[in-house]
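This report goes through one chain, from single residues in loops to the sheet that the strands form. Keep the structure in view while reading.

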Amino acid sequence: MESTRVDRWLWAVRLTKTRPDAAAACRGGHVRVNDKPAKPATTVSPGDEVRARVGDRTRIIEVVRVIQKRVGAADAATCFIDRTPAPPPEAAIPVARRERGAGRPTKRERRVLDKFRFGQ
């Protein structure tokens with residue numbers, strides 16, 4: 001087995017929960033194989049680069065081994081190399097939050113919030 005469908009491979013290596021989800025991602029233009037848009041039936045083979053938008057992240061995956069059946073997570077991790085860059089660090093600025101349903105702030109709480117916001 002040297003190649004398989006990209007939707008089947010994405011499902012087998014556990015990048016998507018179901019195969020129909022993988023096929024829908026392909027049809028929606030969220031999957032690219034070697035920088036070309038991929039249909040669900042596009043074949044992948046070892047050495048190919050797959051870019052898939054999963055959730056809110058774009059994963060860059062290099063195919064190491066082709067599988068067609070869904071396997072355990074430990075085995076699935078050996079089938080690809082994740083080349084996704086690390087996400088940028090979040091801003092270190094703290095955000096003032098109030099509990100939901102706490103109502104309007106009192107005069108004292110408003111002063112504390114203003115002092116926090118405007119740094120006085």
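Asn34 is partly exposed, with a relative accessible area of 39%. In this predicted model, Asn34 sits in the loop between S2 and S3. Its phi angle is near 55°, which is a positive value in a residue other than glycine.

Arg14 is another residue with a positive phi although it is not glycine; here the angle is near 70°. Arg14 belongs to the loop between helix H1 (6-12) and helix H2 (19-27). With a relative accessible area of 40%, Arg14 is partly exposed.

Is Thr84, in the loop between S7 and H4, buried or exposed? Its relative accessibility is 18%, and because the limit for buried is under 20%, Thr84 counts as buried. Two short distances involve the side chain of this residue. One runs to the backbone nitrogen of Ile60, at 2.9 Å. The other is a polar contact of 2.5 Å with the side chain of Asp82. When neighbours within four places in sequence are set aside, Thr84 is in contact with Arg57, Thr58, Arg59 and Ile60.

The three loop residues can be set side by side.

| Residue | Loop | Relative accessible area |
|---|---|---|
| Arg14 | between H1 and H2 | 40%, partly exposed |
| Asn34 | between S2 and S3 | 39%, partly exposed |
| Thr84 | between S7 and H4 | 18%, buried |

The strands come next. In what order do the 5 strands of the open sheet lie? The order is S3-S2-S5-S6-S7, and the pairing is antiparallel. Strand S3 (36-37) and strand S7 (80-82) are the edge strands, since each of them pairs on one side only.

Strand S2 (residues 31-33) pairs with strand S5 (residues 49-54) in the antiparallel sense, over 3 bridges. Within this pair, Val31 stands opposite Ala52 of S5. On to the next pair: S5 is joined to strand S6 (residues 57-63) by 6 bridges, and these two strands run antiparallel. Ala52 stands opposite Arg59 in S6, and Arg53 has Thr58 of S6 as its bridge partner. Ala52 thus appears in both pairings, with Val31 and with Arg59. In a regular strand, side chains alternate between the two faces of the sheet.

S5 and S6 also make up a hairpin, with 2 residues between them. Gly55 is in the turn and has a positive phi of about 70°.

How many bridges pair S6 with S7? There are 3, and the sense is again antiparallel. Val63 stands opposite Phe80 in S7.

A last point is the confidence of the prediction. The mean pLDDT of the chain is 89, and 93% of its residues reach 70 or more. Among the elements of the chain, S2 has the highest mean pLDDT, 95, while helix H4 (residues 107-118) has the lowest, 86. Where pLDDT is low, the predicted coordinates should not be read in detail.

Terms used
Residues numbered from 1 in each chain as written. Predicted model: local features only at pLDDT ≥ 70, side-chain atom pairs only at ≥ 80, totals over all residues. Heavy atoms only, no water. Pairing = 2+ DSSP bridges. Helix = DSSP H or I, 4+ residues; strand = E, 2+ residues; numbered from the N terminus. pLDDT = per-residue confidence, 0-100. Buried < 20%, exposed > 50% of the residue type's maximum accessible area, 1.4 Å probe, protein only. Polar contact = N/O pair within 3.5 Å; in protein donor to acceptor, adjacent residues only side chain to side chain. Contact = heavy atoms within 4.5 Å.
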